[in-house]
Amino acid sequence: MCQKEVMEQSAGIMYRKSCASSAACLIASAGYQSFCSPGKLNSVCISCCNTPLCNGPRPKKRSSSALTLRPGLPTTILLLKLALLLAHC
């Protein structure tokens with residue numbers, strides 16, 4: 001089966017998609033049912049399905065006016081600050 005976990009954390013929504021046996025997926029989804037409150041902080045929802053690609057693409061993020069950091073951006077910013085610091089020495 002396909003298994004999808006959706007975890008809502010203070011840092012944002014985290015998605016985890018995987019394959020699992022039907023028993024393991026159904027047990028996991030039932031075990032986390034009391035923690036599934038979509039839209040609420042610390043919510044964990046697990047769903048199971050058994051057709052090809054049924055856990056589908058993750059939903060697009062809502063647009064935000066705030067700067068979204070990309071994985072390489074913090075490193076780039078640090079390198080630019082270091083270069084400016086060295087230029088002043």
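**Notebook: M14, E5 and the sheet around them**

I looked up M14 first and found its place in strand β2. The model is predicted, and I read every entry here with that in mind.

**Entry on M14.** Is M14 buried or exposed? Neither word fits: M14 counts as partly exposed, because its relative accessibility is 33% and that class lies between the 20% and 50% cut-offs. Next I listed its contacts, leaving out residues up to four places away in sequence. M14 touches E5, V6, M7 and Q9. I also checked M14 against V44, which lies 30 residues apart from M14 along the chain. Their C-alpha atoms are separated by 9.5 Å.

**Entry on E5.** I moved to E5, one of the residues that M14 touches. E5 has its place in strand β1, residues 2–9. Why does E5 count as buried? Its relative accessibility is 12%, and buried means under 20%. Which residues does E5 touch, not counting those up to four places away in sequence? I noted M14, Y15, R16, C45 and I46.

**Entry on the sheet.** I then traced the strands. Three of them form an open sheet in the order β2-β1-β3, and the pairing is antiparallel. β2 (12–19) and β3 stand at the edges with a single partner strand each, so one side of each has no neighbour in the sheet. On average, neighbouring strands are turned by 15 degrees against each other, direction ignored.

How many bridges join β1 and β2? I recorded eight, in the antiparallel sense. For a register point I took Q3, which stands opposite S18 in β2.

**Entry on the helix.** Where does α1 pack? It packs on the sheet, touching β1 and β3. The direction of α1 makes about 150 degrees with that of β3.

I went through helix α1, residues 22–31, for burial. C25, A28 and S29 are buried there. Seen down the axis of α1, the buried residues fall within an arc of 95 degrees, so they line one face of the helix. These buried residues pack against β1 and β3 (44–49).

**Recap.** M14 in β2 touches E5, and E5 sits in β1. β1 pairs with β2, and the buried residues of α1 pack against β1 and β3.

How values were computed
Residues numbered from 1 in each chain as written. Predicted model: local features only at pLDDT ≥ 70, side-chain atom pairs only at ≥ 80, totals over all residues. Heavy atoms only, no water. Helix = DSSP H or I, 4+ residues; strand = E, 2+ residues; numbered from the N terminus. Buried < 20%, exposed > 50% of the residue type's maximum accessible area, 1.4 Å probe, protein only. Contact = heavy atoms within 4.5 Å. Arc of directions from axis to C-beta. Pairing = 2+ DSSP bridges. Axes fitted to C-alpha atoms, helices over the stretch in contact; angles between N-to-C directions.
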